[in-house]
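Student: I should like to discuss how the surroundings of a ligand are described. Please show me the model.

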Amino acid sequence: MIRLDKYLADTGLGTRSKVKQIIKKKMIKVNGVTVSDSDFKVDTEKDIVICGEKTVKYNKYEYFMLNKPAGVVSAVTDNKDKTVIDIINVPKRRDLFPVGRLDKDTEGLLIITNDGMLANRLLSPNHHVKKRYFAKVTGNVLGSVAELFKEGVDIGDDKLTAPAELEILNTYDENGTTYTDTEIVITEGRYHQIKRMFLAAGHEVVYLKRLQMGPVFLDESLKTGEFRTLTEEETDKLYQCIK
Ligand code: URA
């Protein structure tokens, strides 16, 4: 049971003060009866709430996929930088947070939700959720690096990294420097993990983009900085993968 004003604000109808005005104006009916008290308690599972002519649907959880741009921090609030939550500029609940972190200069798939249980499980090392990245790195990456990543890399932590898959895509020269495009799949989420793994092998990551998290792939139609809600199929698959 939650307060009627919170219920309405959570559905994105407006800020808490705006929905209080709507309630005062007697525009809200709960189970067919007009309610003008913001403090009225609503059962989110059973009660039918109508605003004017429209039924107000309450979803306890929300799930978004963001194609994170570089220059934005993976936090809820920040004194200095724009955050990934600032980008989700739809009427939204105040309890959204990013599932894990991408570095400020990393782009790509970031899931944003208010579902703490799902987030914890997706991030837990016990669930080994695969995260696939595209990484452009300096130098000519040899097959021996793929072997090393498979074995586990000493990046200065207590333990070697868990086995990671590295696919070497293309090596080329750009303005006199050699680069290699790669795809890498890791199952952990250590601080700067991919950058540190490549550094341990003598390569510097110059561009990093997440393409996949578990069963969810970055929607290619999303430009950097764009987002959309996850489909029901995507959220179902996320739930399946953390069982
Ligand atoms: N590894 C990194 O080094 N940075 C990221 O943002 C994600 C994985």
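Student: Which helix gives the most to the shell around the ligand?

Tutor: Helix α6 (residues 193–200) gives the most, with three residues; a helix here is a DSSP run of H or I, at least four residues, numbered from the N terminus. The model is predicted, so local features need pLDDT of at least 70 and side-chain atom pairs pLDDT 80 or more, while totals for chains, interfaces and linings use all residues. Residues are numbered from 1 along each chain as its sequence is written, and side-chain values use heavy atoms, with hydrogens and water left out.

Student: What makes a residue one of those around the ligand?

Tutor: One of its heavy atoms must lie within 4 Å of the ligand. The residues that qualify are L102, D103, T106, Y133, H192, Q193, I194, K195 and L208.

Student: Why is the approach of T106 to the ligand called a polar contact?

Tutor: A polar contact is a pair of N or O atoms within 3.5 Å. An N or O atom in the T106 side chain is 2.9 Å from a ligand oxygen atom, and therefore the pair qualifies. A backbone N or O atom of I194 likewise lies 3.1 Å from a ligand nitrogen atom.

Student: How much of the ligand does the protein bury?

Tutor: Taken alone the ligand exposes 230 Å², and the protein buries 95% of that, by the Shrake-Rupley method with a 1.4 Å probe.

Student: Which domains supply the shell around the ligand?

Tutor: Domain 2 (63–125 + 216–241) and domain 3 (130–213) each supply at least three residues; the bounds come from an automatic or database domain assignment.

Notes. A polar contact is a pair of N or O atoms within 3.5 Å; within protein, one must be able to donate a hydrogen and the other to accept it, and residues adjacent in sequence count only if both atoms are side-chain atoms. Helices (H or I, at least four residues) and strands (E, at least two) are DSSP runs, numbered from the N terminus.
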